[in-house]
Amino acid sequence: MTASQAAQAEEGDWLVGNPTGSQLASALWIGSVGLLILGLQPVLLGALYTEGHVTGDELALVATAEMIAIGIGSAIVAMLLPARNMRWKSAALLVLLALANFWTAYAGSPNGLIGARILAGVAEGGLVAVATELIARSRRAERIGGYFVTLQTLAQCALALILALYAVPAAGSAGGFIVLGIVCLLSLVVAWIVPDDYADLPKEEQFGNVATVPAITALLSIFCYFSSSAPSGLFWSPSARSSASTAAPSA
């Protein structure tokens with residue numbers, strides 16, 4: 001073991017605090033619930049379009065409004081609110097997101113859908129901050145961040161499969177959003193395992209390495225990835241169905 005490795009071992013895995021493995025896993029799951037919609041938009045919003053609830057332009061507005069609201073919600077929880085009472089905050093955000101999903105299921109107009117998804121986005125962003133705020137307190141943030149991405153991707157894939165094969169064919173887009181709301185309510189059990197208070201980061205660690213070329217490059221890469229993948233994925237489902245219907249042979 002080198003001197004630097006020995007020093008790091010003495011300092012531990014965390015800059016501040018010392019959450020258990022179950023507490024870390026619960027926080028990562030809470031954040032993953034907040035990002036489920038990223039993998040489900042093609043299924044759920046595509047179903048809204050196919051059922052005639054929204055036009056193509058309205059579909060883009062609904063998706064864009066939610067994505068912007070996710071950023072706003074994450075900023076509010078991470079930057080404007082203290083990292084205290086995280087269990088109660090997680091529970092409140094999960095309930096708010098569940099209500100927004102139920103509202104989406106029964107919204108009767110495009111404006112109602114936009115309002116519901118804005119509310120959902122704010123709650124989703126707050127849930128993401130529950131995970132990222134804990135990750136930021138780790139000395140091995142890149143490794144835990146990898147766990148976070150893996151967990152959310154697996155959760156998105158599993159739920160997208162269930163919705164596409166069972167919920168949406170049986171109950172339409174409303175059924176899909178109801179299932180998503182139920183997942184939020186079931187996750188309340190996990191919310192009570194999250195560390196209740198996150199220790200404050202040292203001031204020099206809060207924004208010390210943000211304004212650097214590698215950090216800015218990484219942030220721009222993430223921005224470009226979501227700017228391209230989310231919109232293209234959103235229109236895959238309705239485009240595929242439209243192509244399938246037009247390609248069907250005529251009698």
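**Figure 1. The fold is built from ten helices and zero strands.** This is a predicted model. From the N terminus on, the elements run α-α-α-α-α-α-α-α-α-α. The chain has 251 residues, and buried residues make up 41% of them.

**Figure 2. Helix 4 reaches the span expected of it.** Its 25 residues should cover 36 Å at 1.5 Å a residue. The end C-alpha atoms of helix 4 lie 35 Å apart, which agrees with that value. The buried residues of helix 4 include Leu 59, Val 62, Ala 63 and Ala 65. Glu 66, a residue with a carboxyl side chain, is also on the buried list of helix 4. Further along, the buried list of helix 4 continues with Ala 69, Ile 70, Gly 73, Ser 74 and Val 77.

**Figure 3. A nonpolar surface patch covers about 600 Å².** Ile 68, Ile 72, Ile 76, Met 79, Leu 80 and Leu 81 make this patch. Ile 72 belongs to helix 4, which spans residues 56–80. Ile 72 has a relative accessible area of 45%, so it counts as partly exposed.

**Figure 4. Asn 85 has a positive phi.** The value is near 50°. Most residues other than glycine have a negative phi. Asn 85 sits in the loop between helix 4 and helix 5 (86–106). With a relative accessible area of 41%, Asn 85 is partly exposed.

**Figure 5. Leu 127 is buried in the model.** Its relative accessible area is 0%. Leu 127 is placed in helix 6, residues 110–135. The C-alpha atom of Leu 127 is 9.8 Å from that of Ala 92. Along the chain, Leu 127 and Ala 92 are 35 residues apart.

**Figure 6. Helix 7 bends by about 135° at Ala 171.** Helix 7 takes in residues 141–186, 46 residues in total. A straight helix would reach 68 Å at 1.5 Å a residue. The end C-alpha atoms of helix 7 are only 28 Å apart, short of that figure.

**Figure 7. A salt bridge joins Asp 13 and Arg 140.** The closest N and O atoms of the pair are 2.1 Å apart. Asp 13 lies in the loop between helix 1 (3–11) and helix 2 (21–34), and Arg 140 in the loop between helix 6 and helix 7, so the pair ties together parts that are 127 residues apart in sequence. Asp 13 is partly exposed, at 36% relative accessible area. The structure holds five salt bridges.

**Figure 8. Glu 66, Arg 117 and Glu 124 form a salt-bridge network.** Side chains of opposite charge can pair when their charged atoms come close. Within the network, Glu 124 and Arg 117 meet at 3.6 Å, N to O. Both Glu 124 and Arg 117 are buried. Glu 66 is among the buried residues of helix 4.

**Figure 9. Arg 137 pairs with Glu 133 in a salt bridge.** The N to O distance is 3.4 Å. Arg 137 is buried, with a relative accessible area of 5%. Glu 133 has 18% relative accessibility and therefore counts as buried, the limit being under 20%.

**Figure 10. Cys 157 is partly exposed, whereas Cys 184 is buried.** The relative accessibility of Cys 157 is 48%. For Cys 184 the relative accessible area is 1%. A disulfide is a covalent bond between the sulfur atoms of two cysteines. With sulfur atoms required to lie within 2.5 Å, the count comes to zero disulfides.

Key:
Residues are numbered from 1 along each chain as its sequence is written. This is a predicted model: local features need pLDDT of at least 70, side-chain atom pairs count only at pLDDT 80 or more; totals for chains, interfaces and linings use all residues. Side-chain values use heavy atoms; hydrogens and water are left out. Patches are made of residues with over 30% relative accessible area and no salt bridge: like charges are joined within 9 Å, nonpolar side chains (Val, Leu, Ile, Met, Phe, Trp, Tyr) within 5 Å. Accessible areas come from the Shrake-Rupley method with a 1.4 Å probe; for residues, only the protein chains shown count as cover. A salt bridge is a side-chain nitrogen of Lys or Arg within 4 Å of a carboxyl oxygen of Asp or Glu. Helices (H or I, at least four residues) and strands (E, at least two) are DSSP runs, numbered from the N terminus. Buried means under 20% relative accessible area, exposed over 50%, partly exposed in between (1.4 Å probe, protein chains only). The expected span of a helix is 1.5 Å times one less than its number of residues. The bend at a residue is the angle between axes fitted to the seven residues ending there and the seven starting there.
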